[in-house]
Amino acid sequence: MVPDISLGGRTYGLLAYLYGPGRRDEHLDPHLVAAWQPGLAPDPGRDPAATLKQLQERLDLPVQAVPEHRRPKRHVWHCPVRADAGDRHLSDEEWAGVARRVVHAVGIAEEGDEQACRWIAVRHAEDHIHIVATLKRQDGRAPRRHDDYNRAQAECRQIEKDFGLRRLNPGDGTAAKRPTSAERAKAERAGRTATARELLRDHVRQAVAGAADEAEFFRRLTDAGVRLDRRLAPSGDVLGYKVALPGDRNRDGTPIWFPGSRLAPDLSLPKIRQRLGSEKEANQPLPGTRPHQREAPARARREAAGIVERITTVSVDGDEAEAATQLSGLGEVLDALAHTSPSSTRQQVTEAARAFERATRWHTRAERADGRAVRSAARGIIQAGNALGRGEDGGATAMLLSTLVLATLAAARWHAARQHHQQAAAARQAADQLRAAYGTAATTPMRVMRAQGRRLPERVRNRHLGTVEAAFPGRTGSVRRERGWDALVATLDQAERAGHDPEELLQRAVAWRELNTADRVTDVLVWRLRRIGHLPADAPQRPADTRSPEQQPRQEQAHTAGPTHNPTTSEHRHRR
């Protein structure tokens, strides 16, 4: 059950919508289910003699009774309360009880208070009601409704328990503000798939992902076409910023601005500065790495995949401050990937990044100084630019997406173990979107690799079967039944031809964490092998072997010794 609180200044306009047909004739039988006092609120839905004007005047009476300078500009409190799609339909009497509990919990009309605010609850659908109140008590005072959003949420969690409804995840006060129903309706009218608040949040997150300094952050925002207004001190120092979508204006024609802190708690300028650090620190290369330079998208994605795999272990095993740093960095990698993904996967990766941002915030503060590696991965992706959906770019994108699926699942388990319910659910939602994006990105390269694996000589396939049996004692049967088995065989063959010991390389790939959570083990191993073995991601054709027997690998020579040789014996597996 979800409450959604907003404020307005036009009582009649809201009532006209609630009692009207709706935007698509979806409102059915609008009527009152509860009011501040039985018999005092006219019901235009059920009483032919009642009018909207009469109801508006009754609700506004306490507001009109005080001097004009004491009237709040936005005096209408509006709170739709919606049941989950899987819940049973509540009766009018049950919805009336829900409304009374909500207005009591938030301080609008506490039980037994005869001088409380006037309010009504209108029902025009099976699954929700609208609570409307005016924000002057009948004694002329303002209601005490501090923190009404969180108090309404807490009461709805208790209502779910009492009514036997689906229980939603409790929050911890660190979530970004949800779009209001008015914002969603405006986005729908404009033909947008997301509200202005959500789109701007995406733009700001993608602009900060991997940015070296504040100047680059602001430059990326303007390059993305976002309207930017910086608040300056008399000295010229930037004190804050706000953003708006081009063409998004209110009734007066004024742009609708959103300060960063209204988009999300960690998008205020002080929090962004904390994340960026100084320009010198942000641009300083990590020990053993190269200074930042523009690379091909495929190479940037390969390097990011390796960093994400390493931080997954840190996130699982480290303390909360360290985990906060790495999960925040993982969110930046997702934002960077969303910004540079090909059109075939951009929407899914954007949805994954949008969901995962909830998993990056809880009450523990991140230690930003330790997050340079993962921020470096995000910066590398941004600097490399947009990737193609085919060839080496496409394969490297699938490689990174495969790694990100496991990383987000690890984040979900980490949060669940600490009772971070909303964050765990957000991480699982991100993993679902990334799985879908991976399925799209991996289709072509995996199909090519499977075809190559099927074309290999039977003796070569048997040799690699022995390699897999050594790495997965007793589990080879389940691995061979996976769709990616032939692609794994092709990858092991390519690794051998590149000079690697296939068994040693496979053991390294298996040793990484999170393999047991993979939907398809063979897919994960294919991309790990190609990354750690520096093999092409687009699976080039296997060349014909023109080498003499003396030049062939020892394993291959052994298969020419005679037809009775068993390739899976322990002696063969350990021959070097």
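Is Thr345 buried or exposed in this predicted model? With a relative accessibility of 1%, Thr345 counts as buried. The legends below begin with an overview and then take up each site.

**Figure 1. Overview of the predicted protein chain.** The protein chain has 576 residues, of which 52% are buried. Its secondary structure consists of 23 helices and 9 strands. Among contacts in the chain with a separation of 6 or more, 72% are between residues 24 or more positions apart.

**Figure 2. Surroundings of Thr345 in helix 13.** Helix 13 spans residues 343–356 and contains Thr345. Leaving out residues up to four places away in sequence, Thr345 touches Ala437, Thr440 and Ala441. Thr440 is 95 residues from Thr345 along the chain, yet the C-alpha atoms of the two are separated by 6.8 Å. Thr345 counts as buried because its relative accessibility, 1%, falls under the 20% cut-off.

**Figure 3. Glu357 in the loop between helix 13 and helix 14.** The loop that holds Glu357 is followed by helix 14, residues 372–384. Glu357 has a relative accessible area of 9% and is therefore buried. The side chain of Glu357 is joined to that of Arg361 by a polar contact of 2.6 Å. When neighbours within four places in sequence are set aside, Glu357 is in contact with Ala176, Arg201 and Arg205.

**Figure 4. Crossing of helix 12 and helix 15.** Two packed helices are described by the angle between their axes and the distance between the axes. For helix 12 (residues 320–340) and helix 15 (residues 391–417), the axes come within 12 Å and cross at roughly 145 degrees. The crossing of helix 12 past helix 15 is left-handed. On the side of helix 12, the contact is made by Glu320, Ala323, Leu327, Leu330, Val333, Leu334 and Leu337. Helix 15 contributes Leu400, Leu401, Leu404, Ala407, Ala411, Trp414 and His415. Of the residues in this contact, 12 are nonpolar, 1 is polar and 1 is charged.

**Figure 5. Helix 20 and the cap at its N-terminal end.** Helix 20 comprises residues 502–511, and its buried residues are Pro502, Glu503, Leu505, Leu506, Ala509 and Val510. Viewed down the axis of helix 20, these buried residues fall within an arc of 160 degrees, so they line one face of the helix. An α-helix has 3.6 residues a turn, so residues three or four places apart point the same way. At the N-terminal end, Asp501 serves as the cap of helix 20. A side-chain oxygen of Asp501 lies 3.0 Å from the backbone nitrogen of Glu503.

**Figure 6. Positive phi values at Asp29 and Gln419.** Most residues other than glycine have a negative phi. Asp29, which is not a glycine, has a positive phi near 50 degrees. Asp29 is placed in the loop between helix 1 (11–19) and strand 3 (31–35). Its relative accessibility of 42% makes Asp29 partly exposed. For Gln419, also a residue other than glycine, phi is positive at about 65 degrees. Gln419 belongs to the loop between helix 15 and helix 16 (421–455). With a relative accessible area of 54%, Gln419 is exposed.

Definitions and conventions:
Residues are numbered from 1 along each chain as its sequence is written. This is a predicted model: local features need pLDDT of at least 70, side-chain atom pairs count only at pLDDT 80 or more; totals for chains, interfaces and linings use all residues. Side-chain values use heavy atoms; hydrogens and water are left out. Axes are lines fitted to C-alpha atoms, for helices over the stretch in contact, and angles run from 0 to 180 degrees between N-to-C directions. Helices (H or I, at least four residues) and strands (E, at least two) are DSSP runs, numbered from the N terminus. A crossing is left-handed if the near helix is turned anticlockwise from the far one by less than a right angle, and right-handed if clockwise. Contact means heavy atoms within 4.5 Å. Ala, Val, Leu, Ile, Met, Phe, Trp, Tyr, Cys and Pro count as nonpolar, Asp, Glu, Lys and Arg as charged, and the others, Gly among them, as polar. Buried means under 20% relative accessible area, exposed over 50%, partly exposed in between (1.4 Å probe, protein chains only). The arc is that of the directions from the helix axis to the C-beta atoms. A polar contact is a pair of N or O atoms within 3.5 Å; within protein, one must be able to donate a hydrogen and the other to accept it, and residues adjacent in sequence count only if both atoms are side-chain atoms.
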